[in-house]
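User: Please walk me through how the ligand is held here. I also have a residue to place.

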Amino acid sequence: MRFSGKVALVTGAGSGIGKSIVQQCIADGARVIATDIVEGPLHALVAEIRDQGGDATAVVVNVAVAADAERMIDTAFSTYGRLDILCNNAGIMDLMTPAADVPLELWDRVLGVNLTGPFLACRAAIPRMIAQGGGSIVNTDSEAGLRGSAAGTAYTVSKHGLIGLTRSIAFHYGDQGIRCNAVCPGGVQTAIGIGGNTPNQAGLERVMTSLHGIKAAGYTATPDEIASVITFLASDAASNINGAILPVDHGWGAA
Ligand SMILES: NC(=O)c1ccc[n+]([C@@H]2O[C@H](COP(=O)([O-])OP(=O)(O)OC[C@H]3O[C@@H](n4cnc5c(N)ncnc54)[C@H](O)[C@@H]3O)[C@@H](O)[C@H]2O)c1
């Protein structure tokens with residue numbers, strides 16, 4: 001099994017893509033730290049894994065809070081003695097709100113979870129990964145990291161920023177055994193929605209209009225179709241891939 005002896009930490013593990021990453025890591029022999037801000041589904045997932053003989057530990061965190069990010073990385077080392085794979089996957093949407101209408105609270109919340117969160121986790125993990133001989137980081141980005149037409153401003157900026165974080169880490173730490181890559185999914189069948197019940201109507205309509213005629217943009221992948229690429233990038237099969245920004249979008253980006 002490709003993850004035998006390895007320890008993986010996944011954020012946003014209670015739902016959607018994160019849950020699939022956890023399940024694929026467990027199926028391939030990893031021990032997993034599964035983290036989320038919502039307790040119920042996270043504990044249910046970990047209980048199910050343990051019932052089936054797998055080894056997972058739940059840590060409830062808000063990834064945007066530095067002390068929480070440090071605590072989840074600490075838990076990997078205190079529980080399993082190492083951390084080989086870090087999947088920064090937790091994310092939230094932004095109601096499709098264009099810049100002029102973005103309340104500062106929405107901006108701070110979306111940037112906090114989608115960009116500051118991965119930064120904090122990487123900052124805590126990298127020195128300890130280097131000390132143990134290396135590690136692999138995979139960030140769940142988005143088609144919105146590659147274009148302006150897939151979401152509102154805060155989400156788009158957060159995912160563009162996450163690409164910068166991915167490349168910067170790949171550049172600065174690649175020669176110390178750290179690989180850092182990102183996947184950019186198109187639509188995926190998960191609970192993320194648009195980030196609430198009341199989207200910005202003008203922003204939503206503009207995004208939807210831009211997608212007309214791009215057939216591939218209408219495809220919604222299963223979480224497994226995204227997680228399988230993330231676990232590939234995390235694995236030794238991708239040992240020569242560092243700093244890659246990989247669209248997993250059914251061809252949306254090719255249109
Ligand atoms: N679903 C899509 O269409 C799509 C497309 C492109 C990218 N993505 C990205 O995929 C990633 C996973 O999202 P998903 O689609 O599986 O959504 P999801 O809502 O099903 O799962 C996201 C998980 O993140 C958790 N989370 C949210 N805020 C958190 C916080 N502050 N701290 C810790 N955990 C937190 C949620 O509780 C949830 O369990 C996100 O980064 C998202 O931006 C999703």
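Analyst: A polar contact is a pair of N or O atoms within 3.5 Å; within protein, one must be able to donate a hydrogen and the other to accept it, and residues adjacent in sequence count only if both atoms are side-chain atoms. This is a predicted model: local features need pLDDT of at least 70, side-chain atom pairs count only at pLDDT 80 or more, and totals for chains, interfaces and linings use all residues. Residues are numbered from 1 along each chain as its sequence is written, and side-chain values use heavy atoms, without hydrogens and water.

User: How far is an oxygen atom of the ligand from an N or O atom in the side chain of Thr 190?

Analyst: The pair joins a ligand oxygen to the Thr 190 side chain. Their separation is 2.6 Å.

User: Which residue has a polar backbone atom 3.0 Å from a nitrogen atom of the ligand?

Analyst: Ile 37 also offers a polar backbone atom to a ligand nitrogen, but at 3.3 Å. The residue at 3.0 Å is Val 63.

User: How many residues surround the ligand?

Analyst: A residue counts if one of its heavy atoms lies within 4 Å. By class, the shell has 13 nonpolar, eleven polar and three charged residues. The total is 27.

User: Is Ala 47 buried, partly exposed or exposed?

Analyst: Ala 47 lies in helix α2, residues 39-51. Buried means under 20% relative accessible area, exposed over 50%, partly exposed in between (1.4 Å probe, protein chains only). The value for Ala 47 is 38%, so this residue is partly exposed.

Technical notes:
Ala, Val, Leu, Ile, Met, Phe, Trp, Tyr, Cys and Pro count as nonpolar, Asp, Glu, Lys and Arg as charged, and the others, Gly among them, as polar. Helices (H or I, at least four residues) and strands (E, at least two) are DSSP runs, numbered from the N terminus.
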